[in-house]
Protein chains: 2
Amino acid sequence: MSTTQDLSRLSINQRTVKQLSVPELADGCARLGIPGVGLWREPVQELGVEAAAKAVRDAGLSVTSLCRGGFFTSEDPAERARALDDNRRAIDETAGLGAPELCLVSGGLPAGSRDVDGARERVVDALAELAPYAAEHGVRLCVEALHPMFASDRCVVTTLGQSLDIAERFPAEQVGVMVDAYHIWWDPQVWEQIRRAGEGGRISCYQISDWVTPLPEGVLLGRGQIGDGCIELRRMREAVDAVGYAGRPIEVEIFNPGLWERDGFAVLREIAERYSAHVL
Amino acid sequence: MSTTQDLSRLSINQRTVKQLSVPELADGCARLGIPGVGLWREPVQELGVEAAAKAVRDAGLSVTSLCRGGFFTSEDPAERARALDDNRRAIDETAGLGAPELCLVSGGLPAGSRDVDGARERVVDALAELAPYAAEHGVRLCVEALHPMFASDRCVVTTLGQSLDIAERFPAEQVGVMVDAYHIWWDPQVWEQIRRAGEGGRISCYQISDWVTPLPEGVLLGRGQIGDGCIELRRMREAVDAVGYAGRPIEVEIFNPGLWERDGFAVLREIAERYSAHVL
């Protein structure tokens, strides 16, 4: 590892090294000079929000985002009410961690449904209920477009442009968008939509991983280590930076069982190297 | 099977029932009153173009499209020249079958490349070389957008809008686009792009299958039987019909090993039933 690495913007999403607990992740990042972590609700809840916040703070780090709220698409009123309640708790947790952004995976089609328009409308309706609550707690909601291969079962929001269409119905300080390289790299409109997101002050978070094939069964856990795939990660970093994101966190989020089987600290070190080689 | 089925627009893509030879497919379709077939080059070449054409004609059917040309993205001049030659042969075969349209899968990124813009430019360059040759032979080139999960390894053209951006550089009688429900259903712009395709006289072919999850490893063979998934197939049929496609072929193309293991004729009968129930 070169001593000239500038890791000042790097953040590690915990799911990338889920073999590490929150304190272990914070400690490992601190030793490598990585200043940020992205957390997930389940391990935070296990540890307790205050303890997790303290572990990160004591290591001298900050929490760049919390994953995840969302799943807004149910047609059942009781299930919908439960989802909104759960999202209010997620907002509380985000505030408790001192994280600025809560990532939202909007939800797929309800079982048996073909009504994608209806599901998309319910996403907007849920944001309308949650955005003021989030704003009162100093949290911005971050609408994430997932790759279209997840459209039916995870997220009916499939492009950066569509996430902006949704976010722009709300004040920019209340609702932003995720720019996740893995989910949007294939989009012929990606560069113009990144420009639009930046110029509107809507970029909540920039996440990276790499696109590799063949995709595994279920496609969820097929993300590649930085540099192993075909995404123009440096170009995309330059594109977000050019529209106001310069200096802000770059969060590495890789779902890959191959990384989970290895020593977590070694994975962190490799990410720092790959980040320096392929992103900076 | 009801006797009131109107199958006058139905076409079966051979890959859907690849256990059937071209003559068996033609015979099975004729027995069920299905008037069209979509063919693939390999089985046609095995049988010979003239014999394949005769088998379809003798059964009283027509060939609605030939799959497939394309794979235009190589950076190597020799490989590129081979691809263009092969596409000229595919055009000859399409003409020999009396099919109006040659389907094109544009190709993915060359091994190790991250230059998706460059790959897309090479697709346009190849079309410029091939379109006049195709037109001389009475064949229209049909640019197909594949689902973005195939962007790196099969097709850098990922949306209907992008396929139109490409096709519109050429005369409408020379280059059209595929509307394939499976590949585009998730797109928030799908309805406006179908309208654009129809109003410009660009719809070469309408293909259907259904979107089901979980996707299998490699994702290629995960298409669902009509009605088993979440695509609004009736709405999409009405949408293409409303912009000039009424009366033209609706080609069923399903890649699914579960269908290949069954009796081919039984699969054809099931498709006719599903088509009547979910598409008409």
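B:Arg235 and A:Asp117 meet through their side chains in a salt bridge, with N to O at 3.0 Å. The tally between chain B and chain A comes to 2 salt bridges. Keep in mind that this is a predicted model. What follows looks at the interface, then at a record for chain A, then at one loop of chain B.

**The interface between chains B and A**

- On top of the salt bridges, there's polar contact to look at: 17 residue pairs across the interface of chain B and chain A fit the rule, both partners being at pLDDT 80 or more.
- Helix 5 of chain B, residues 116–136, gives 3 residues to the side that touches chain A, and that's the largest share.
- Sorted by class, that side of chain B has 16 nonpolar residues, 12 polar ones and 8 charged ones.
- How many residues does each chain bring to the contact? Chain A puts in 36 residues, and chain B puts in 36 residues.
- Together the two chains bury about 2,700 Å², and carbon and sulfur atoms account for 56% of it.
- On the chain B side, B:Arg114, B:Trp186 and B:Pro188 supply 22% of the area buried against chain A, more than any other three residues.

**What the record says about chain A**

- UniProt has an unreviewed entry that places "domain: Xylose isomerase-like TIM barrel" at residues 29–270 of chain A.
- In the model, that span is 45% helix and 18% strand.
- The C-alpha atoms at the ends of residues 29–270 of chain A lie 12 Å apart.

**The loop between strand 4 and helix 5 of chain B**

- B:Ser113 sits in this loop, which follows strand 4 (101–105) and leads to helix 5 of chain B.
- Is B:Ser113 buried or exposed? B:Ser113 counts as buried because its relative accessibility is 12%, and the cut-off for buried is under 20%.
- The B:Ser113 side chain reaches the backbone nitrogen of B:Asp115 at 3.0 Å.
- B:Gly108 is also found in the loop between strand 4 and helix 5 of chain B.
- With a relative accessibility of 8%, B:Gly108 counts as buried too.
- Which residues does B:Gly108 touch, leaving out those up to four places away in sequence? The list is B:Thr73, B:Ala119, B:Ala151, B:Ser152, B:Asp153, B:Arg154, B:Cys155 and B:Val156.
- B:Thr73 from that list is 35 residues from B:Gly108 along the chain, yet their C-alpha atoms are separated by 6.6 Å.

Definitions and conventions. Residues numbered from 1 in each chain as written. Chains lettered and ligands numbered in written order. Predicted model: local features only at pLDDT ≥ 70, side-chain atom pairs only at ≥ 80, totals over all residues. Heavy atoms only, no water. Contact = heavy atoms within 4.5 Å. Buried area = accessible area lost by both parts, 1.4 Å probe. Salt bridge = Lys/Arg side-chain N within 4 Å of Asp/Glu carboxyl O. Polar contact = N/O pair within 3.5 Å; in protein donor to acceptor, adjacent residues only side chain to side chain. Helix = DSSP H or I, 4+ residues; strand = E, 2+ residues; numbered from the N terminus. Nonpolar A, V, L, I, M, F, W, Y, C, P; charged D, E, K, R; others polar. UniProt positions renumbered as here; feature names shortened; annotations may be inferred. Buried < 20%, exposed > 50% of the residue type's maximum accessible area, 1.4 Å probe, protein only.
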